[in-house]
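Subject: Handover of a structure and findings

Dear colleague,

I am handing over to you the structure shown below. Please look through it before reading the findings that follow it.

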Amino acid sequence: MAISAAEVKKLRDATGAGMMDCKKALEEANGDFDKAVEILRKKGAAKAAKKAGRSTGEGIIYSYIHHNERIGVLLELNCETDFVARTDEFHELAKQISLQIASMNPKWLKKEDVPEEIIAKEKEIYAEEMKNSGKPEHVIEKIVENKLNKFFETNCLLEQEFVFADEKGTKIKDLITNAIAKIGENIKVSRFVRYEIGE
């Protein structure tokens, strides 16, 4: 089927993918816009996975001060080359992540950073809550697992849902994956610190 230039442009504006990639995705999806977005997402994730092992020795320290001057964020965002570190796209990504940190106050970067004793304590609390529910053991285990995932989604930056996303369900790790696919370099958050008056 013939795909119009307007459809390609609409998909490009929505995803940031290249024109040819958008055209191919629309052709593959028989003109179905949502399906084309999904195809591009999967390709982007695959591209990002290939770059995951590459060294990220360049980057920026990005600072954000909230308009009320009561919250501040320092973020180290790394990439592979100094060239990419200076681009508007990279700075925009750093800004989005910093806004997330200011808004949602994550305690850790990723799940693996949460100390074992805290995970054990959370599991214990959830299991205690369910103790007298009368539910079978395997159901309780599943509920505890779901609650633990919710804990990670609340407290770990990469697992948090991006508060300013156009599309519901976009996590910070998805934001970074999409940027890797678009920019063509490995990108990672190394560390961050959030300051708030009185804390």
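The notes below go from the whole chain to one helix, and then to the charged pairs and a surface patch.

Please bear in mind that this is a predicted model.

The chain as a whole

The secondary structure of the chain consists of eight helices and three strands. In sequence order, these elements follow the pattern α-α-α-β-β-α-α-α-α-α-β. The chain has 199 residues, of which 36% count as buried. Of the contacts between residues at least 6 apart in sequence, 58% join residues at least 24 apart. The area that the chain exposes is about 12200 Å², and carbon and sulfur atoms supply 51% of that area.

Helix 7

Helix 7 covers residues 137–155. With 19 residues at 1.5 Å a residue, helix 7 should span 27 Å, and the distance of 27 Å between its end C-alpha atoms agrees with this.

Which residues of helix 7 are buried? They are I140, V144, L148, F151, F152 and N155. These residues cover an arc of only 120 degrees around the axis, and therefore they lie on the same side of helix 7. The element against which the buried residues of helix 7 pack is helix 6 (116–130). On the other side of helix 7, H138 and K150 are exposed.

Helix 7 also holds a charged pair: the side chains of E145 and K142 form a salt bridge, with an N to O distance of 3.9 Å. E145 and K142 are three residues apart in helix 7, which is about one turn of the helix. E145 has a relative accessible area of 43%, so it counts as partly exposed. K142 is likewise partly exposed, because its relative accessibility is 46%. In addition, K150, E153, E159, K171 and K173 are joined into one network by salt bridges that share partners.

Other salt bridges

How many salt bridges are there in the model? The count comes to 11. One of them links D82 with R86, where the closest N and O atoms are 2.3 Å apart. The relative accessibility of D82 is 37%, so D82 counts as partly exposed. R86, in contrast, has a relative accessibility of 56% and therefore counts as exposed; the cut-off for that class is over 50%.

A further salt bridge brings together the side chains of K110 and D113, at 3.2 Å from N to O. K110 is partly exposed, because its relative accessible area is 33%. D113 has a relative accessibility of 31%, so D113 is partly exposed too.

A nonpolar patch

Which residues form a nonpolar patch on the surface? The patch is made of I61, L74, V193 and Y195, and together these residues have about 380 Å² of accessible area. L74 is located in strand 2, which runs over residues 71–79. At a relative accessibility of 37%, L74 counts as partly exposed.

In viewing the model, you may wish to begin with helix 7, where the buried residues pack against helix 6 and where H138 and K150 are exposed on the other side. The patch with I61, L74, V193 and Y195 could follow, as it lies on the surface.

With kind regards

Note on methods. Residues numbered from 1 in each chain as written. Predicted model: local features only at pLDDT ≥ 70, side-chain atom pairs only at ≥ 80, totals over all residues. Heavy atoms only, no water. Patch = residues over 30% accessible without salt bridge, like charges linked within 9 Å, V, L, I, M, F, W, Y side chains within 5 Å. Areas by Shrake-Rupley, 256 points an atom, 1.4 Å probe, with all protein chains shown as cover. Salt bridge = Lys/Arg side-chain N within 4 Å of Asp/Glu carboxyl O. Helix = DSSP H or I, 4+ residues; strand = E, 2+ residues; numbered from the N terminus. Buried < 20%, exposed > 50% of the residue type's maximum accessible area, 1.4 Å probe, protein only. Expected span 1.5 Å × (residues − 1). Arc of directions from axis to C-beta. Contact = heavy atoms within 4.5 Å.
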